[in-house]
Amino acid sequence: MTALEGLLDDYTFRSVSDTDRDKKFEELMKAFLRTDEEWAATFDAVWSWDEWPGRQGPGDEIDLVARERSTANLVAVRCAFYDPSQPLSKPDIAPFLSASNRPPFTARLVVATTDAWDKDIDDAIQHEEKPVRRVGLTQMLGSSVDWTQFGSRTVAVARRARS
């Protein structure tokens, strides 16, 4: 079992509620986007919905907001904690797609603990005006992040990886 898989198992079995588990995963993904070499080069800031200065009202399943380094464009991020053996389905992300299909967002990113996507999602996002990228478990496992730096109960504020 890898360090990341251990963290995810800990979130599954030691969280006091699904909300607690999801919040831990969101914090971990915020750290991932700030720390992974590819994503840290892409984004110069990543906020939780509640931290984001432009927030107005509830996030409607927008969990994180990332700002692209080169353009300052904003990307809405959905963190989906699901059974890795189950595909993510269109109803799982439809509210996110709807909420993030408005200004100020120019793109969307779905980060999920599964690599499997239902065919309906692929069909739906092909016709979206704003692009939707995805990161699955395999990509997280193969990332440049040292997952051992993150504790299971709290996620430290990540420092950017330095090469």
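Within helix 2, lysine 24 and aspartate 20 sit four residues apart, about one turn of the helix, and in this predicted model they form a salt bridge whose closest N and O atoms are 3.3 Å apart. Lysine 24 counts as buried because its relative accessibility is 16%, under the 20% cut-off, whereas aspartate 20, at 23%, counts as partly exposed.

This pair is one of 14 salt bridges that the structure holds. Another joins aspartate 63 to arginine 78, with the closest N and O atoms 3.2 Å apart; since aspartate 63 lies in the loop between strand 1 and strand 2 and arginine 78 lies in strand 3, the pair ties together parts that are 15 residues apart in sequence. Aspartate 63 is buried at 10% relative accessibility, and arginine 78 is buried at 11%.

A further salt bridge, 3.5 Å from N to O, brings together the side chains of arginine 134 and aspartate 122, linking strand 5 (residues 132-135) with helix 5 (residues 119-126) across 12 residues. Here arginine 134 counts as partly exposed at 39% relative accessibility, and aspartate 122 counts as partly exposed at 26%. Asp18, Arg21 and Asp22, in turn, are joined into one network by salt bridges that share partners.

Turning to the nonpolar interior, the largest core has 28 residues, and those with the most contacts inside it include Leu28, Met29, Phe32 and Trp147. Among the elements that give two or more residues to this core are helix 1 (3-14), strand 3 (74-80) and helix 6 (137-141), while helix 2 gives the most, with six residues. A second, separate core of 21 residues includes Val65, Ala76, Ala99 and Ile125.

Key. Residues are numbered from 1 along each chain as its sequence is written. This is a predicted model: local features need pLDDT of at least 70, side-chain atom pairs count only at pLDDT 80 or more; totals for chains, interfaces and linings use all residues. Side-chain values use heavy atoms; hydrogens and water are left out. A nonpolar core is a set of buried Ala, Val, Leu, Ile, Met, Phe, Trp, Tyr and Cys residues joined through side-chain atoms within 4.5 Å. Buried means under 20% relative accessible area, exposed over 50%, partly exposed in between (1.4 Å probe, protein chains only). A salt bridge is a side-chain nitrogen of Lys or Arg within 4 Å of a carboxyl oxygen of Asp or Glu.
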